[in-house]
Amino acid sequence: MFKVPRLSLIVTLPVSLVILFASLILGEYWYERKMLGEQLTNTISAQLQQDLFRMRIVVDSAIATHDMQRIEQEVSLVATEQDMMVYVLLDASSQIRYANHVIWRNSNAANVLEAYSAKTHHEAVTQDKPITQVDFESLSIQVYYPIYTSSRSRYSNAIDVIYLEYSIATLLFEAIDQLQQRLETVWGFGVLFILLFYYVFYRLHISPLRRLSRAAKKVGAADFQSESAFWSAELSVLHHFLTDVDARLKRATQRLNDAERRWLFSVEGSRNGIWDWNIATGAIFVSDRWKEILGFDANDTTNDYSAWETRLHPDEKSQVLNTLQNYINHQKEDYESVHRLKHKQGHYIWVLDKGKIVEWDELARPIRIIGTITDVSGDVQHHRIAIDKQSHNGLTDLINRDALANALFDQQVECRQNETSAALLLIRLDNFSVINDALGRQLGDRLLMQIAARLTSTFNAAGLIARLGAEEFVILANALGKDSEQANRRALALASEVRHLIGKGFTVSDQHLSISAKVGLVVFDGLGSVEPHRLLTRADTALSHAADAGGCVLYQASMDKNQTQPAKLQQALSSAIENEHLSLAFQPVVDGEGNVGSIEVLIRWYHIDYGFINPSKIIAIAELSDDIVKLELWVFEQVRALMLTLEHQQIALPVFSINISARSFHHDDFIPQLKQKMHQYPLNAGLIQLELEEEVFNVNPQDARNAVLELQELGFLIALDNFGLSMGTLQYLQGVTFSQVKLAQRYLDGISESEENIRLLGALVHMARCLDYPVVAKYLENKELLKIVTDMQCAWFQGYIISRPLVEKDIVQLIKSKLSLSVG
């Protein structure tokens with residue numbers, strides 16, 4: 001490729017000025033030369049026209065007085081003019097009657113005069129006006145001047161035209177000489193001016209700029225210096241910026257050095273092994289800690305990609321390489337894997353391997369990845385022991401609770417001695433049971449191993465990390481400070497970080513899994529010794545409130561009042577389903593005119609000891625076992641019975657919407673049992689709408705999509721609840737039609753307080769409408785919120801502002817009356 005040479009301003013400026021000046025001068029010269037020729041010919045032509053007019057008068061007078069001698073005299077007089085080349089008087093047949101050269105007389109002008117044209121001759125006579133022609137090649141002017149006399153008709157050989165050729169060469173050359181002399185004068189003064197201008201410009205601009213350029217090479221160096229006095233404002237600004245850049249570069253270098261020291265300290269503190277892989281060359285750098293984890297000495301050479309790949313366990317090698325390649329191909333958002341690497345002594349250790357692309361080539365292809373490995377062998381080994389115990393002791397005895405109790409006792413003693421606080425965080429995975437049912441227990445265990453490894457690698461420095469149950473972990477965080485308020489804030493920040501870390505998602509067997517967690521935490525200072533099981537109970541109490549409080553809740557003493565035990569409620573719920581001690585409520589969904597379009601079926605449970613149980617808690621308790629399937633099939637039977645009753649009364653049936661949890665949807669027996677119910681009690685499935693959470697597509701999305709299509713083939717309407725809660729599922733919804741999509745409540749919370757929230761909700765509604773999804777705005781409790789969603793052109797509306805949930809008698813009355821509810 002041709003490379004343009006870089007020239008100094010010292011050369012380019014004078015050369016550019018000279019070229020520019022020369023172009024202007026030469027352009028002016030050629031323009032003036034052209035104009036000079038035109039002006040000269042115009043002047044001569046005008047003079048010739050006057051002379052010819054006088055000659056015409058002479059000819060007319062001579063013919064009138066028959067004094068032809070006078071014409072001879074006039075022609076002889078004209079012949080004395082040096083630049084007059086041809087001067088002849090012609091008759092109509094182009095015969096020369098008079099001429100400035102006697103030899104041409106009585107000759108045909110076409111034969112003796114090279115430039116003469118008989119055609120132009122006759123045009124001049126016919127048009128009765130002179131014709132002037134300029135020939136710049138021969139540098140001459142030709143004129144055809146018509147002659148008319150009063151006696152013309154009496155003489156056939158009368159003079160018809162005066163034809164002349166006049167040379168302009170002498171006059172033109174003299175004018176050009178004068179023009180060239182003027183050009184030389186201007187050129188001389190111009191060169192002197194350019195030299196003077198260049199000298200001044202060099203002193204004021206180029207020389208200071210060169211000094212600044214030399215100083216720029218030393219920006220950031222200790223010996224950086226630059227002058228501060230400049231005539232040019234631009235150079236002064238440049239000098240100011242250069243000085244500022246030097247100062248910022250030195251500060252940035254200092255910060256970089258400090259950051260590098262902190263990074264090295266952090267790496268040493270976390271005891272992670274660092275690796276740096278150049279994808280293009282295959283070269284890999286590993287830190288001393290990386291070597292130490294695998295049993296190598298610091299001097300051992302392991303700077304090749306094969307040093308890592310050959311140490312992968314054969315059972316996991318293909319999966320790990322596939323995960324890494326998918327990340328490199330941008331099919332995964334991050335690279336994270338829990339697998340085994342071969343130790344130098346021959347055995348395998350478990351590591352958490354994470355990496356990040358840090359460099360790309362010009363085609364945006366990754367060429368460099370930096371990552372870490374963390375030894376999680378102890379945690380994974382503990383997890384595997386826990387799994388072995390599962391068949392004997394159940395989910396609640398998966399770890400040695402005595403060890404946790406001892407740690408809690410020891411921590412309280414340490415808090416008293418050091419006058420500090422600690423916290424116990426109880427972490428529960430929200431939808432692990434759904435994933436476990438959908439993927440199988442083996443892959444569920446792999447997911448738990450990844451979660452445990454991620455928590456260990458991130459929070460190992462915070463304190464003890466352990467697993468309590470199939471979907472519960474604990475973190476015992478120490479040294480939170482003396483001040484109780486500060487300890488509470490730090491504990492909540494740690495809990496929030498835990499939720500964020502788990503919510504990033506995991507990849508298991510090439511499937512990306514979205515999972516979330518709730519955290520209940522209790523802070524203690526050890527001043528009043530508390531039994532370990534009481535601390536766990538308090539953390540569990542806080543955890544039970546987390547679903548309604550953003551996912552993280554700190555234990556308060558007031559929470560102990562009316563606190564129900566999940567295990568007792570689970571037993572009570574199973575009994576309530578069997579004995580049909582539950583009831584249903586019905587909330588209508590209406591259009592903009594208030595006409596009922598569908599009716600959502602809601603579960604209600606009144607417990608004799610605990611009073612009314614929150615519906616979300618009913619579902620959460622039911623999802624702890626297979627009771628969730630029984631519960632939702634029971635709801636289906638109750639709705640079927642109500643629909644049969646309305647049919648017998650010949651009442652037009654609305655669409656009844658039944659909520660189906662993600663665990664039921666993924667349960668192997670759910671759809672077969674639903675089919676059995678349909679065959680047992682024939683009903684119009686098109687009047688039953690199954691309402692699915694958007695999270696059903698987070699696990700086995702293709703299987704979930706196929707299940708939806710199967711339900712639609714049976715005739716059921718399918719609605720999507722909590723639309724927009726997990727935008728990553730949209731790619732799996734292609735080709736699936738929904739009778740309704742219900743907006744997630746989070747988009748409506750606090751919407752009237754922020755214009756940005758309104759725009760966000762509007763964008764979500766617009767996207768749903770573009771996908772031809774009828775949008776339902778639910779949880780509408782005031783007119784302001786109703787107006788906002790109405791302006792966004794939502795299709796359906798649901799909430800207390802329209803109608804509270806109704807008991808069966810009231811909903812039947814509403815269906816019978818066909819009343820329109822108030823929307824506005």
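# Salt bridges, a surface patch and cavities in a predicted model

The structure holds 18 salt bridges, and since it is a predicted model, every distance and angle given here describes the model. Three of the salt bridges are set out in the table below, and the text after it places their residues in the chain.

| Acidic residue | Basic residue | N to O distance |
|---|---|---|
| Glu 292 | Arg 289 | 3.2 Å |
| Glu 316 | Arg 340 | 2.8 Å |
| Glu 359 | Arg 368 | 3.8 Å |

## The salt bridges in their surroundings

Where do Glu 292 and Arg 289 lie? Both belong to helix α7, which covers residues 288–293, and they stand three residues apart, about one turn of the helix. Glu 292 has a relative accessible area of 42% and is therefore partly exposed, whereas Arg 289, with a relative accessible area of 17%, is buried, because buried means under 20%.

The side chains of Glu 316 and Arg 340 also meet in a salt bridge, at 2.8 Å from N to O. This pair links distant parts of the chain, with Glu 316 in the loop between α8 (305–309) and α9, Arg 340 in strand β8, and the two positions 24 residues apart in sequence. Are Glu 316 and Arg 340 buried or exposed? Both residues are buried.

In the third pair, the side chains of Glu 359 and Arg 368 meet at 3.8 Å, N to O. Salt bridges that share partners join Asp 276, Glu 359 and Arg 368 into one network. Glu 359 is partly exposed, with a relative accessible area of 34%, and Arg 368 likewise counts as partly exposed, because its relative accessibility is 28%.

## A nonpolar patch on the surface

Which residues make the nonpolar surface patch of about 580 Å²? The patch is made by Val 18, Trp 187, Phe 189, Val 191, Leu 192 and Leu 195. Helix α5, which runs through residues 169–216, gives the most to this patch, with five residues. One of the patch residues, Leu 192, is found in helix α5, and Leu 192 counts as exposed because its relative accessibility is 56%, where exposed means over 50%.

## Cavities inside the model

The structure holds five cavities of 30 Å³ or more, and about 70 Å³ of space lies in the largest of them. The lining of this largest cavity consists of Gln 319, Val 320, Thr 323, Glu 336, Ser 337, Val 338, Arg 446, Gln 450 and Thr 507. Which elements each supply at least two residues of that lining? They are α9 (317–328), β8 (335–342) and α13 (441–459). When the lining residues are sorted by class, two are nonpolar, five are polar and two are charged.

Two of these elements also appear in the account of the salt bridge between Glu 316 and Arg 340, since Arg 340 lies in strand β8 and Glu 316 lies in the loop between α8 and α9.

## Residues with positive phi

Which backbone angle is positive in Asp 128, a residue other than glycine? It is phi, which in Asp 128 is near 60 degrees. Asp 128 lies in the loop between α4 (118–127) and β3 (131–135), and Asp 128 counts as partly exposed because its relative accessibility is 47%.

Leu 139 is not a glycine either, and it has a positive phi of about 50 degrees. Leu 139 is found in the loop between β3 and β4 (140–146), and here the relative accessibility is 15%, so that Leu 139 counts as buried.

## Pairs that are separated along the chain

Ala 517 lies in strand β16, which covers residues 517–524, and Ala 517 counts as buried because its relative accessibility is 2%. Along the chain, Ala 517 and Glu 472 are 45 residues apart, while 9.3 Å separates their C-alpha atoms.

Lys 482 lies in the loop between β13 (472–477) and α14 (484–503), and at 63% relative accessibility Lys 482 therefore counts as exposed. How many residues apart are Lys 482 and Asp 525 in sequence? They are 43 residues apart in sequence and 8.3 Å apart in space, taken from C-alpha to C-alpha.

Conventions
Residues are numbered from 1 along each chain as its sequence is written. This is a predicted model: local features need pLDDT of at least 70, side-chain atom pairs count only at pLDDT 80 or more; totals for chains, interfaces and linings use all residues. Side-chain values use heavy atoms; hydrogens and water are left out. Patches are made of residues with over 30% relative accessible area and no salt bridge: like charges are joined within 9 Å, nonpolar side chains (Val, Leu, Ile, Met, Phe, Trp, Tyr) within 5 Å. Accessible areas come from the Shrake-Rupley method with a 1.4 Å probe; for residues, only the protein chains shown count as cover. A salt bridge is a side-chain nitrogen of Lys or Arg within 4 Å of a carboxyl oxygen of Asp or Glu. Helices (H or I, at least four residues) and strands (E, at least two) are DSSP runs, numbered from the N terminus. Buried means under 20% relative accessible area, exposed over 50%, partly exposed in between (1.4 Å probe, protein chains only). On a 1 Å grid over the protein atoms alone, a cavity is a set of points where a 1.4 Å probe fits but cannot get out, and a pocket is an open set with protein on both sides within 12 Å along at least five of seven lines; lining residues have an atom within 4 Å of a point. Grid points are joined across faces, edges and corners, and a volume is the space filled by probe spheres set on the points. Ala, Val, Leu, Ile, Met, Phe, Trp, Tyr, Cys and Pro count as nonpolar, Asp, Glu, Lys and Arg as charged, and the others, Gly among them, as polar.
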